[in-house]
Amino acid sequence: MRPLTEEETKIVFEKLAKYIGENVKLLIDRPDGNYCFRLHDNRVYYVSELIMRKATNIARDNLICIGTCVGKFTQTQKFKLHVTALDLMAPYAKYKIWVKPGAEQTYLYGNHITKSGLGRITENTPQYQGVVVFSMSDAPLGFGATARSTQDCRKANPTDIVCFHQADIGEYLRSEDTLT
């Protein structure tokens with residue numbers, strides 16, 4: 001477990017900024033304590049400094065994970081967000097999409113959101129913007145990228161895709177062996 005290099009930090013913050021914008025600063029400057037990002041086995045973890053200090057007593061080979069897994073670096077040094085980062089992104093999301101109850105299940109199976117399943121969308125959301133997807137009862141379901149802007153969604157056909165699927169909470173069941 002080691003701190004992120006400057007380049008790795010830049011890549012992680014750029015990816016998070018696609019979904020939460022300038023609120024990335026709020027992940028570090030928290031009133032309830034100091035938090036940091038750490039790298040372990042190509043995975044990036046978000047952990048409080050208090051827990052991180054206690055984990056230094058555990059050998060690296062015995063340490064499976066620490067804190068919340070935000071994502072992982074691929075072999076080509078690209079960063080991929082995991083669904084486990086959803087709890088960090090949801091409160092700070094800049095752009096949001098709410099899904100109708102009838103379309104929640106199809107989204108949780110890994111499908112894109114169509115216009116017919118769209119409940120609400122944040123005003124002035126641009127095309128290809130990172131968004132956090134919520135149920136109509138404000139429970140975070142996942143995240144993705146908009147296929148159309150807010151204005152284009154109003155004119156879209158019911159079968160047109162409005163949000164591309166990237167991750168959802170159904171992955172806890174579908175891909176549980178690759179999340180840790």
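1. In this predicted model, a convenient place to start is Val133, which stands opposite Gly142 in strand S11. The two strands S10 (130-135) and S11 (140-146) are joined by five bridges and run antiparallel. Strands of a sheet pair through backbone hydrogen bonds, in either a parallel or an antiparallel sense.

2. The wider setting of that pair is an open sheet of six strands with mixed pairing, in the order S8-S12-S11-S10-S7-S9. Its edge strands are S8 and strand S9 (118-121), each of which pairs on one side only.

3. Two helices deserve a comment in relation to this sheet. Helix H1 (residues 6-20) lies across S10, S11 and S12, and runs at about 50° to S10. Helix H5, for its part, packs on the sheet by touching S7, S8, S10, S11 and S12, and its direction makes about 80° with that of S11.

4. Which residues of helix H5 (residues 101-108) are buried? They are Ala103, Tyr107 and Leu108, and because the buried residues fall within an arc of 140° when seen down the axis of H5, they line one face of the helix. In an α-helix there are 3.6 residues a turn, so residues three or four places apart point the same way. The cover over the buried residues of H5 includes strand S7 (96-99), strand S8 (113-114) and strand S12 (161-168), as well as S10, S11 and helix H7 (171-174). Just after H5, Gly110 takes a positive phi of about 100°.

5. Two loop residues should be looked at when backbone torsions are reviewed, given that most residues other than glycine have a negative phi. Asn124, in the loop between S9 and S10, has a positive phi of about 60° although it is not a glycine; at 51% relative accessibility it counts as exposed, because the exposed class begins over 50%. Asp138, in the loop between S10 and S11, likewise is not a glycine and has a positive phi of about 65°, but with 47% relative accessibility Asp138 counts as partly exposed.

6. Is Phe37, in strand S3 (residues 33-40), buried or exposed? Its relative accessibility is 7%, so Phe37 counts as buried, the limit for that class being under 20%. Leaving aside residues up to four places away in sequence, Phe37 touches Pro3, Leu4, Phe13, Leu16, Leu27, Ile28, Val44, Tyr45, Tyr46 and Val70. For a sense of distance across the model, the C-alpha atoms of Phe37 and Arg120, which are 83 residues apart along the chain, are separated by 33 Å.

7. The domain assignment of the protein chain gives domain 1 (2-87) and domain 2 (95-175), and the C-alpha centres of these two domains lie 26 Å apart. Where they meet, seven residues of domain 1 are in contact with 16 residues of domain 2. Between them the domains bury about 870 Å², of which 66% is on carbon and sulfur atoms. Within domain 1, the residues that lose the most area to domain 2 are Tyr19, Val83 and Leu86, which together account for 72% of what that side buries.

Note on methods
Residues numbered from 1 in each chain as written. Predicted model: local features only at pLDDT ≥ 70, side-chain atom pairs only at ≥ 80, totals over all residues. Heavy atoms only, no water. Buried < 20%, exposed > 50% of the residue type's maximum accessible area, 1.4 Å probe, protein only. Helix = DSSP H or I, 4+ residues; strand = E, 2+ residues; numbered from the N terminus. Arc of directions from axis to C-beta. Contact = heavy atoms within 4.5 Å. Pairing = 2+ DSSP bridges. Axes fitted to C-alpha atoms, helices over the stretch in contact; angles between N-to-C directions. Domains from an automatic or database assignment. Buried area = accessible area lost by both parts, 1.4 Å probe.
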